[in-house]
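Subject: A structure for you to look at

Hello,

I am passing on the structure we talked about, with the sequence alongside. Please open it first, and then read my notes below.

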Amino acid sequence: MSNTYKDLQNSHPCFGGHRNNAGRIHLPVSPGCNIACRFCDRSINDVEERPGVTSKVIKPEESVEILNKALEICPDIKVAGIAGPGDTLASDNALNTFKIIKEKFPDLIKCMSTNGLLLNERAEDVISVGIDSLTVTVNAVDPEIESRLNDFIIYHGKKIEGIEAAKILIENQLAGIRKVAAAGITVKVNTVLVPEINGDHIETIARTVKEAGASIYNIIPLIPQHKLKDLKAPTCLEIDGARTKASKYIDVFRHCQHCRADAVGVPGKSEYGDQIYQRRLNVKETFSHG
């Protein structure tokens, strides 16, 4: 039986468990992505602290040694998560890794993030490997708005652009959320807040994903980069306003740390990624919203 939303609030750092020193490890096993978000700059490097970044991509079978090492160094780790650096459903790597974790580390909470393009058709796979919590990034539920945030999708071998791509993505995200939530898995939705594009759309997203079965909503401020590098990052006031609007419909998480795809430790308190993944200790100034 998967953990309930209430269980996760005590033991998962992305649901409030950070207050109880709950740690997490992200396993960067998913190499490729199937959508082209205009703000996403996926990277293999040792120094940037943001989503989509890892020092290496590992194979599913390597996760056993890495988990053993991580739990030895940081016994506070309660969650094994897979959040990239590509999409977790674009290959079988994430699901195969979770099968290994289910067998060898049954006490760990299994947490997965996806863009949701393939969630509708792969929902049964997600359910059968015993995922405890699923995060789906939904940046719009209006295809016109989504098309300004995402250039194209690769869907069943075809590159699809514009409004058509946005419609397919949104339909699959919402249908997938309904299936997974109906199976008792806690669903969190992330939205990247781009004030000039989806700033007035947050309330609609929050209401729509709640109706589909999501339990908690997380608003992530845009890091201006890639094709949206000239847009402004949201101010603290804009982030707070968006969270307040969303909270009329759904629980809102307010402590997101912009974690890397190979983060290890208790968010905001300890970080062991260097030791676990042997990152080279380079120093580079990086912009962070904190």
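To start with the overall make-up, the protein has ten helices and 13 strands. Please keep in mind that this is a predicted model. Its mean pLDDT is 85, and 80% of the residues reach 70 or more. Of the 290 residues, 54% are buried. The protein exposes about 12,800 Å², with carbon and sulfur atoms supplying 48% of that area. Looking at contacts between residues at least 6 apart in sequence, 75% join residues at least 24 apart.

Now to the sheet. It is open, has eight strands with mixed pairing, and runs in the order β12-β11-β10-β7-β6-β5-β1-β13. Its edge strands are β12 (251-253) and β13 (264-265), each of which pairs on one side only.

A good place to zoom in is β1, which spans residues 23-26 and pairs with β13 in the antiparallel sense over two bridges. There, Ile25 has Val264 of β13 as its bridge partner. With β5, β1 pairs in the parallel sense, this time over four bridges; Gly23 is the bridge partner of Ile77 in β5. Are the residues of β1 buried on both faces, or exposed on one? Both faces turn out to be covered: Gly23 and Ile25 are buried on one side, and Arg24 and His26 are buried on the other. As background, side chains in a regular strand alternate between the two faces of the sheet.

Two helices are worth finding against the strands. Helix α3 (residues 93-104) lies across β5 (77-82) and β6 (109-114), and runs at about 175 degrees to β6. Helix α9 (residues 236-246) packs on the sheet too, where it touches β10 (186-193), β11 (216-221) and β12. The direction of α9 makes about 165 degrees with that of β11.

Next, the interior. The largest nonpolar core has 71 residues, and those touching the most other members are Ile25, Leu27, Val209 and Tyr217. Which helix gives the most to this core? That is α6 (residues 162-182), with seven residues. If you select Val209 and leave aside its neighbours within four places in sequence, you will find it in contact with Val138, Leu174, Val189, Ala214, Tyr217 and Ile250.

I also looked at Asp142, which sits in the loop between β7 (133-137) and α5 (143-147). Asp142 counts as partly exposed because its relative accessibility is 31%, between the cut-offs of 20% and 50%. Not counting residues up to four places away in sequence, Asp142 touches Ile170 and His201. From Asp142 to Ile163 there are 21 residues in sequence, and the C-alpha to C-alpha separation is 9.3 Å.

Finally, a word of caution about two stretches. Over residues 44-48 pLDDT stays under 50, and the model has 23 contacts beyond four places in sequence for them. Over residues 280-290 pLDDT also stays under 50, with 17 such contacts in the model. Where pLDDT is low, the predicted coordinates should not be read in detail.

Enjoy exploring it!

Best wishes

Notes. Residues numbered from 1 in each chain as written. Heavy atoms only, no water. Pairing = 2+ DSSP bridges. Contact = heavy atoms within 4.5 Å. Axes fitted to C-alpha atoms, helices over the stretch in contact; angles between N-to-C directions. Buried < 20%, exposed > 50% of the residue type's maximum accessible area, 1.4 Å probe, protein only. Areas by Shrake-Rupley, 256 points an atom, 1.4 Å probe, with all protein chains shown as cover. pLDDT = per-residue confidence, 0-100. Core = buried A, V, L, I, M, F, W, Y, C linked by side-chain atoms within 4.5 Å.
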